Amino acid sequence: MTERIVLAYSGGLDTSVAIGWIGEATGAEVIAVAVDVGQGGESLETIRQRALGCGAVEAYVADASDEFANEYCVPTLKANALYQGHYPLVSAISRPVIVKHLVKAAREFGATTVAHGCTGKGNDQVRFEVGIQTLGPDLKCIAPVRDLALTRDKAIAFAEEKGLPIETTKKNPYSIDQNVWGRAVETGYLEDIWNAPTKDIYDYTATPEFPPAPDEVVISFNQGVPVAIDGVRVTPLQAIQELNRRAGAQGVGRIDVVEDRLVGIKSREIYEAPGAMALITAHKHLEDITVEREQARFKATVGQRWAELVYDGQWFSPLKRSLDAFIEDTQKYVTGDIRMTLHGGQAIVNGRRSDTSLYDFDLATYDTGDTFDQSQAKGFIELWGMSAKVASGRDIRVAGQ
């Protein structure tokens with residue numbers, strides 16, 4: 001039986017050419033796997049037909065939009081995950097769901113190898129291959145660009161020679177990856193980190209310099225999951241899509257950052273994540289009134305480590321699974337409403353309410369009716385500062401000897 005290789009297929013030039021390139025280099029049959037994670041653009045059927053037209057013996061296509069939102073975006077939201085304090089893991093969280101379907105397709109079609117279109121310089125090669133090793137430890141991995149010398153100029157020449165049904169004349173200077181959680185843009189003009197992004201880079205967001213009238217929105221959560229927008233019930237996917245539209249119209253969620261890649265180099269990235277950033281902002285403010293102080297402080301540390309693990313391709317790791325359990329426990333009372341104004345590139349919270357809130361008006365007020373016993377504060381301060389006071393006395397005594 002001829003060997004079969006499953007290829008993560010986007011429908012673009014590189015992965016379209018990779019179908020024939022892999023076949024010629026290895027003699028194997030290629031099964032193209034396309035996964036919809038809310039990236040928009042062409043239909044799955046169009047992509048499927050293109051894969052077959054480029055020589056794939058089978059084309060596996062999956063609409064994983066709801067799966068991606070429920071099982072990958074929602075955990076990211078619950079963790080308030082921002083890699084290095086900026087990046088909401090747009091590409092990083094899509095790779096595990098794609099890996100899941102690659103392994104599923106490999107089992108279904110009897111493939112022994114999984115191929116992806118990543119280079120040897122990026123994070124995604126690690127995310128794909130570590131995920132595949134975990135879910136399908138018997139499967140081998142190859143990367144045509146990295147392992148089979150498939151450069152872009154060779155890809156264009158190959159496509160023209162074979163008459164493949166893809167566009168080869170237009171050369172976008174940027175590398176773009178997108179899904180419903182956001183959009184990532186890199187390379188080209190952006191590699192000079194002094195250059196400001198040009199308007200043509202953006203697609204999910206309008207320019208914030210000339211915004212429409214402020215847009216006030218109420219986001220309702222149940223145990224950390226967005227369940228309604230302005231009182232209208234929504235699924236997580238619908239919540240992200242609605243806020244992509246409304247926050248994007250106000251220019252919310254533009255991120256320009258130089259980040260630390262897993263492979264050890266720094267990389268300039270432009271992100272657009274209007275829905276993700278609006279939801280994370282709202283979720284964090286709801287946690288501020290519903291999560292106990294020490295639990296919240298520790299969760300911030302856990303969320304940071306969670307983001308690092310996911311960025312580094314460890315979605316399926318034991319530590320990430322353990323952190324998931326802690327984060328999920330913190331969400332028990334994260335239920336309520338957040339009111340925020342979207343305007344001019346900002347998502348500003350101006351109201352919050354929850355039946356499980358820890359905010360006590362009678363304790364917080366400075367007006368008549370205050371139930372806080374201020375007489376206890378003096379003794380508390382004395383005890384709270386005792387350790388530092390004793391240590392300071394020792395320092396003065398030793399310095400005087």
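What follows is a working chat about a predicted model, its strands, its cysteines and its annotated sites.

Trainee: Before we start, what kind of model is this, and how are the residues numbered?
Mentor: This is a predicted model in which local features need pLDDT of at least 70 and side-chain atom pairs count only at pLDDT 80 or more, while totals for chains, interfaces and linings use all residues. Residues are numbered from 1 along each chain as its sequence is written, and side-chain values use heavy atoms, with hydrogens and water left out.

Trainee: Let's take strand E1, then: is it mostly covered or open?
Mentor: E1, residues 4–8, is mostly covered, with five of its five residues buried. Buried here means under 20% relative accessible area, exposed means over 50%, and partly exposed lies in between, all with a 1.4 Å probe and protein chains only. Strands are DSSP runs of E with at least two residues and helices are runs of H or I with at least four, both numbered from the N terminus.

Trainee: And which way do the E1 side chains point?
Mentor: Arg4, Val6 and Ala8 point one way, Ile5 and Leu7 point the other way, and all of them are buried. In a regular strand the side chains alternate between the two faces of the sheet.

Trainee: Which strands does E1 pair with?
Mentor: E1 runs parallel to strand E2 (residues 29–36), joined by five bridges, and isoleucine 5 has valine 30 of E2 as its bridge partner. Between these two strands the chain passes through helix H1 (residues 13–26), and the β-α-β crossover is right-handed, in the sense that, with the strands pointing away from the viewer, the path from the first strand over the helix to the second runs clockwise. E1 also pairs in the parallel sense with strand E4 (residues 113–115) over three bridges, where leucine 7 is partnered by alanine 115. Two strands count as paired if DSSP finds at least two bridges between them.

Trainee: What does UniProt place around there?
Mentor: An unreviewed UniProt entry places the feature "binding site" at Ala8, Tyr9, Ser10, Gly11, Gly12, Leu13, Asp14, Thr15, Ser16 and Gly117. Although these positions are spread over 110 residues of sequence, they cluster in space, with a largest C-alpha distance of 12.9 Å. UniProt positions are given in the numbering used here, feature names are shortened, and annotations may be inferred rather than shown by experiment.

Trainee: How do alanine 8 and glycine 12 sit, buried or exposed?
Mentor: Alanine 8, in strand E1, is buried, with a relative accessible area of 12%. Not counting residues up to four places away in sequence, alanine 8 touches Thr15, Val33, Leu102, Ala115 and His116, where contact means heavy atoms within 4.5 Å. Glycine 12 lies in the loop between E1 and H1 and is partly exposed, at 27% relative accessible area.

Trainee: Switching to cysteines, how many disulfides are there?
Mentor: A search of the whole structure finds zero disulfides, a disulfide being a pair of cysteine sulfur atoms within 2.5 Å. For cysteine 54, the nearest cysteine sulfur belongs to cysteine 118 and is 19 Å away; cysteine 54 itself counts as buried at 7% relative accessibility.

Trainee: Why is cysteine 118 without a bond?
Mentor: The closest cysteine sulfur to that of cysteine 118 is in cysteine 141, and because it is 10 Å away it is too far for a bond. Cysteine 118 is buried too, with a relative accessible area of 11%.

Trainee: Last topic: what is the order of the five-strand sheet?
Mentor: This open sheet has the order E10-E9-E8-E13-E14, with antiparallel pairing. Strand E10 (232–233) and strand E14 (346–353) stand at the edges with a single partner strand each, so one side of each has no neighbour in the sheet.

Trainee: And how is E9 placed within that sheet?
Mentor: E9 (residues 225–229) pairs in the antiparallel sense with E10 over two bridges, and with E8 over four bridges, again antiparallel. Isoleucine 229 stands opposite valine 232 in E10, while asparagine 222 stands opposite valine 225 in E9. Five of the five residues of E9 are buried, so the strand is largely enclosed by the rest of the structure.

Trainee: What happens in the turn between E8 and E9?
Mentor: The two strands form a hairpin with two residues between them, and glutamine 223 in the turn has a positive phi of about 50 degrees.
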